[in-house]
Amino acid sequence: MKKLQGAHLRKPVTPDLLMTPSDQGDVDLDVDFAADRGNWTGKLDFLLSCIGYCVGLGNVWRFPYRAYTNGGGAFLVPYFLMLAICGIPLFFLELSLGQFSSLGPLAVWKISPLFKGAGAAMLLIVGLVAVYYNMIIAYVLFYLFASLTSDLPWEHCGNWWNTELCLEHRGSKDGNGALPLNLTCTVSPSEEYWSRYVLHIQGSQGIGSPGEIRWNLCLCLLLAWVIVFLCILKGVKSSGKVVYFTATFPYLILLMLLVRGVTLPGAWKGIQFYLTPQFHHLLSSKVWIEAALQIFYSLGVGFGGLLTFASYNTFHQNIYRDTFIVTLGNAITSILAGFAIFSVLGYMSQELGVPVDQVAKAGPGLAFVVYPQAMTMLPLSPFWSFLFFFMLLTLGLDSQFAFLETIVTAVTDEFPYYLRPKKVVFSGLICVAMYLMGLILTTDGGMYWLVLLDDYSASFGLLVVVITTCLAVTRVYGIQRFCRDIHMMLGFKPGLYFRACWLFLSPATLLALLVYSIVKYQPSEYGSYRFPPWAELLGILMGLLSCLMIPAGMLVAVLREEGSFWERLQQASRPAMDWGPSLEENRTGMYVATLAGSQSPKPLMVHMRKYGGITSFENTAIEVDREIAEEEESMM
């Protein structure tokens, strides 16, 4: 009797036909890489990584300037409209691609191998951006260390780097509020500190003669790469924990700067200048283009970072909800940053007795000249300066993590057996290579090269890549099939809003941006320096190279097939046999038993055995199977 009871309680044996490779122990079937590829250790890891990736330096030094130059508060109308038309749909599309396939920017093009060149173009763009972006982080580290003094070094004139034009603007107004001196022909100490000491740009004759390496910048760049490497050492398992600090702490500092800023005299003057609506600007096409550009680059669509992060999710992660949290949170952060910046600029303009528009700048000019100068006018100026640059450091590091993780993931997914066991070594080699490439940015003329990279590395080439991705997924792969994949993954199909944006509105908006950027092309410049023709040509070729990778990839894909040209083209545009969810238990309908070494005829049986019954996702899978069967019957 006991023997019969023991037999009854013994774990039932599952037939081999119903076992997935993960159930079969250590059998080497060359199939699923999800186990050793790695995953987020929690849902918040992914969400905070996306927030940290999107909320970057551009939210602080580009959005406020674009807002006040394009209609103030009225700019929010085209901004949120472009967010709805372009930002949210493309963000969701990229997350869906990554999560459904669990693949990086190169391997994800199993969806349509004809367009794999778009993935290679993504890698080229993100590689160039990562090189100069870390140089900006090196500048931030330089100022961060410089703030660890009792007196900020850019507070006074009289240093060896200052010229006769240097004039301390602090407190230079008379009792009536008018300036006793004409400041138009003078230079602030903070501006000379930036250009003559940090950059030492006077040691260069232009982009063709970069001069000597600035060893203090070289060491700061080395430190920046060491920090990045240590944070991505174990892939998303390590960077996913770092973002708990780097993605949340900037909000605390931003709140402190905002509270300090609005309590300063003259703060309302700056805020009023920032948000006063000028609705006549909405009649200008430039304002709408600027809003679309701000959305496009702020969310980081097309760089592969979103796709990479989503590829480490579980198959049923609710990225629909995450899309709205991140995109709307990014927009709100930009607006709050504008209040923090312009409240201090309003105080600064009152102290100097000049209009706000004479002290407001965008980009590095705001971060390394204007705002540091404003810090010198505050009590405990080193403390506020340290907080500001520490905020910039944490904002920049999140984005840099994404850039490096995108490159490492894309290449290791292409060569998993060779590189995945040595991912740490490969990540280190990538960091060393990019550090060496960035050394030219640490020279006296390094800023010229940084401006060239900033203007051309992710300009029209990135727009072409995103347009290609959108059209390949919706037109070649098929909008119905893509929506069915999302249904399988999330339990519902995207509505009319997403379909209309993916099919028409988003590509049309991106095409308009591309045409505008070409028609309104302006040569690069830095201050009064104009770049020579050869440098302009180099920049254009830099942008064209990423575009040319798309037809080059098409040529390679077609040549790999057999038959006539049209037959090859058709075969190369179809999804690969192993396209679909990485885990066999998630593969239903057309994806059943398409993995190498697959033995399970119906993954739903695996689900039932594993979870003890039919779940909502199995119901979804049954619905998808029924839809596919109905489509096949209607075609016969």
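Buried here means under 20% relative accessible area, exposed means over 50%, and partly exposed is anything in between (1.4 Å probe, protein chains only). The model is predicted, so to speak of local features needs pLDDT of at least 70 and side-chain atom pairs count only at pLDDT 80 or more, while totals for chains, interfaces and linings use all residues. Residues are numbered from 1 along each chain as its sequence is written, and side-chain values use heavy atoms, with hydrogens and water left out.

**View 1. The disulfide between Cys 157 and Cys 166.**
Searching the whole structure turns up 1 disulfide (a pair of cysteine sulfur atoms within 2.5 Å). The sulfur atoms of Cys 157 and Cys 166 sit 1.9 Å apart. The S-S torsion is about -85°, so this is a left-handed disulfide. Cys 157 is partly exposed at 21% relative accessible area, whereas Cys 166 is buried at 12%.

**View 2. Cys 501, a cysteine with no partner in reach.**
Why is there no bond from Cys 501 to Cys 86? The Cys 86 sulfur is the closest cysteine sulfur to that of Cys 501, but at 8.6 Å it's too far for a bond. Cys 501 is buried, with 2% relative accessibility.

**View 3. The residues UniProt lists for "binding site".**
The unreviewed UniProt entry gives Gly 52, Val 55, Asn 59, Ser 298, Asn 330, Leu 395, Asp 398 and Ser 399. They're spread over 348 residues of sequence, yet they cluster in space, with a largest C-alpha distance of 13.6 Å. As for the record itself, positions follow the numbering used here, feature names are shortened, and annotations may be inferred rather than shown by experiment.

**View 4. Val 55 and Ser 298 up close.**
Val 55 sits in the loop between α3 (43–54) and α4 (57–61); helices (H or I, at least four residues) and strands (E, at least two) are DSSP runs numbered from the N terminus. Val 55 is buried at 5% relative accessibility. Skipping residues up to four places away in sequence, Val 55 touches Tyr 251, Asn 330, Thr 333 and Leu 395 (contact is heavy atoms within 4.5 Å). Ser 298 belongs to helix α13, residues 285–299, and is buried at 10%. With neighbours within four places set aside, Ser 298 contacts Cys 54, Asn 59 and Asn 330.

**View 5. Two loop residues with positive phi, Ser 102 and His 200.**
Most residues other than glycine have a negative phi. Ser 102, in the loop between α6 (76–101) and α7 (116–146), has phi near 55° and is buried at 13%. His 200 has phi near 50° and is in the loop between α8 (189–198) and α9 (215–231).

**View 6. Two aromatic pairs, Trp 154 with Phe 389 and Trp 194 with Phe 368.**
The whole structure holds 62 aromatic pairs. Rings of Phe, Tyr and Trp (its six-membered ring) pair if their centres lie within 6.5 Å; planes under 30 degrees apart are stacked, over 60 edge-to-face, the rest tilted. Trp 154 and Phe 389 have centres 6.4 Å apart and planes at 75°, so they go edge-to-face. Trp 154 is in the loop between α7 and α8 and Phe 389 in helix α17 (residues 381–414), so the pair ties together parts 235 residues apart in sequence. Trp 194 and Phe 368 are stacked instead, 4.7 Å centre to centre with 15° between the planes. Trp 194 comes from helix α8 and Phe 368 from helix α16 (residues 364–375), so this pair links parts 174 residues apart in sequence. Trp 194 is buried at 4% relative accessibility, and Phe 368 is buried at 1%.
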